[in-house]
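Let's take a walk through this protein together. Have a look at the sequence and the 3D picture first, and then we'll go through some of its details.

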Amino acid sequence: MNETLSEISAEMPADGAEASKRPPNAQWYALHCLSGQEAKVKKNIEQRTKTEEMGELIFEVVIPVERVSEVKRGKRVETERKLYPGYVFINMILRTEDGKLHDRSWYFVRETNGVIGFADGDNPLPMPEDQISAMLRQMQEREEKVTPKVAFSIGDKVKVGDGPFLNSEGIIEEIDPDRGKLRVSVSMFGRSTPVELEYWQVERAA
């Protein structure tokens, strides 16, 4: 059964009113931000929403990210990677009932440090429902799944950074993205032996 946008939004973390209880004219918009300042913009908007009592107009700010893993110095390290660098997404009331821009929320966003402007210019339109539904679903799925930082291909030469085959080099023979597994052919006792490893256990060989 397909979920509605409100049902998907209700699953996401929200500040203030629950997503399912937001007014119908609350829409999602994309904000273009200075590179590297996405988190600062999100924090600034959330803090100012409280201090300037904008809770009836600003409902949620999200930065879609995915968890990525890699091997550093023999240890598995997890970090976050932005799915849409340079953009922050905000659920808000931007227009009055007669369709005009709401001055208070418009200037609130435009005066936020680090915000270049709305992604589609000075006459922003809300993101299409199917687009925001897909984005929120992607965000939720990526938060639950760890992705390798490096994309591998069959035939790549890799070095094992964890487990009993530590420091061994081999060739990728098979990739199973659903399970996050690789079959790597490594040399053991003078012969080639296929072993199954997780993505994060290997890194590209120099």
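Ser105 counts as buried because its relative accessibility is 0%, and buried means under 20%. Keep in mind that this is a predicted model. You'll find Ser105 in helix H3, which covers residues 103–110. So what does the side chain of Ser105 reach? It gets to the backbone oxygen of Ile93, at 2.9 Å. If you skip the neighbours within four places in sequence, Ser105 is in contact with Met54, Leu57, Met92, Ile93 and Leu94.

Ser105 has company in H3: the buried residues of this helix are Ser105, Trp106, Phe108 and Val109. They cover an arc of only 165 degrees around the axis, so they sit on the same side of H3. And what do the buried residues of H3 pack against? Their partners are strand S1 (27–33), H2, S2, strand S5 (87–92) and strand S6 (115–118).

One of those partners, H2, deserves a look of its own. Helix H2 runs over residues 38–51, which makes 14 residues. At 1.5 Å a residue, H2 should span 20 Å, and its end C-alpha atoms are indeed 20 Å apart, so the two values agree. Which residues of H2 are buried? They are Glu38, Val41, Asn44, Ile45, Arg48 and Thr49. These residues cover an arc of only 130 degrees around the axis, which puts them on the same side of H2. Turn to the other side of H2 and you meet Ala39, Lys40, Lys43, Lys50 and Thr51, which are exposed.

Next, follow the chain just past the end of H2 to Glu53. Glu53 is in the loop between H2 and strand S2 (58–62). Is Glu53 buried or exposed? With a relative accessible area of 61%, Glu53 is exposed, since exposed means over 50%. Glu53 also has a positive phi although it isn't a glycine. Asn167 is another residue other than glycine with a positive phi. Here are the two together:

| Residue | Phi |
|---|---|
| Glu53 | near 55 degrees |
| Asn167 | near 75 degrees |

Where does Asn167 lie? It belongs to the loop between strand S8 (157–160) and strand S9 (169–176). Not counting residues up to four places away in sequence, Asn167 touches Lys159 and Val160. Asn167 and Val202 are 35 residues apart in sequence, yet their C-alpha atoms are 9.3 Å apart in space.

Now zoom out to the whole protein. Its secondary structure comes to 4 helices and 12 strands. Of its 206 residues, 38% are buried. Take the contacts between residues at least 6 apart in sequence: 60% of them join residues at least 24 apart. The accessible surface comes to about 12100 Å², and carbon and sulfur atoms account for 48% of that.

How confident is the predictor? The protein averages a pLDDT of 82, and 83% of the residues score at least 70. Residues 1–17 are another story, with pLDDT staying under 50. For this stretch the model has 28 contacts beyond four places in sequence. Where pLDDT is low, the predicted coordinates should not be read in detail.

Notes:
Residues are numbered from 1 along each chain as its sequence is written. This is a predicted model: local features need pLDDT of at least 70, side-chain atom pairs count only at pLDDT 80 or more; totals for chains, interfaces and linings use all residues. Side-chain values use heavy atoms; hydrogens and water are left out. Helices (H or I, at least four residues) and strands (E, at least two) are DSSP runs, numbered from the N terminus. The expected span of a helix is 1.5 Å times one less than its number of residues. Buried means under 20% relative accessible area, exposed over 50%, partly exposed in between (1.4 Å probe, protein chains only). The arc is that of the directions from the helix axis to the C-beta atoms. Contact means heavy atoms within 4.5 Å. Accessible areas come from the Shrake-Rupley method with a 1.4 Å probe; for residues, only the protein chains shown count as cover. pLDDT is the predictor's confidence in each residue, from 0 to 100. A polar contact is a pair of N or O atoms within 3.5 Å; within protein, one must be able to donate a hydrogen and the other to accept it, and residues adjacent in sequence count only if both atoms are side-chain atoms.
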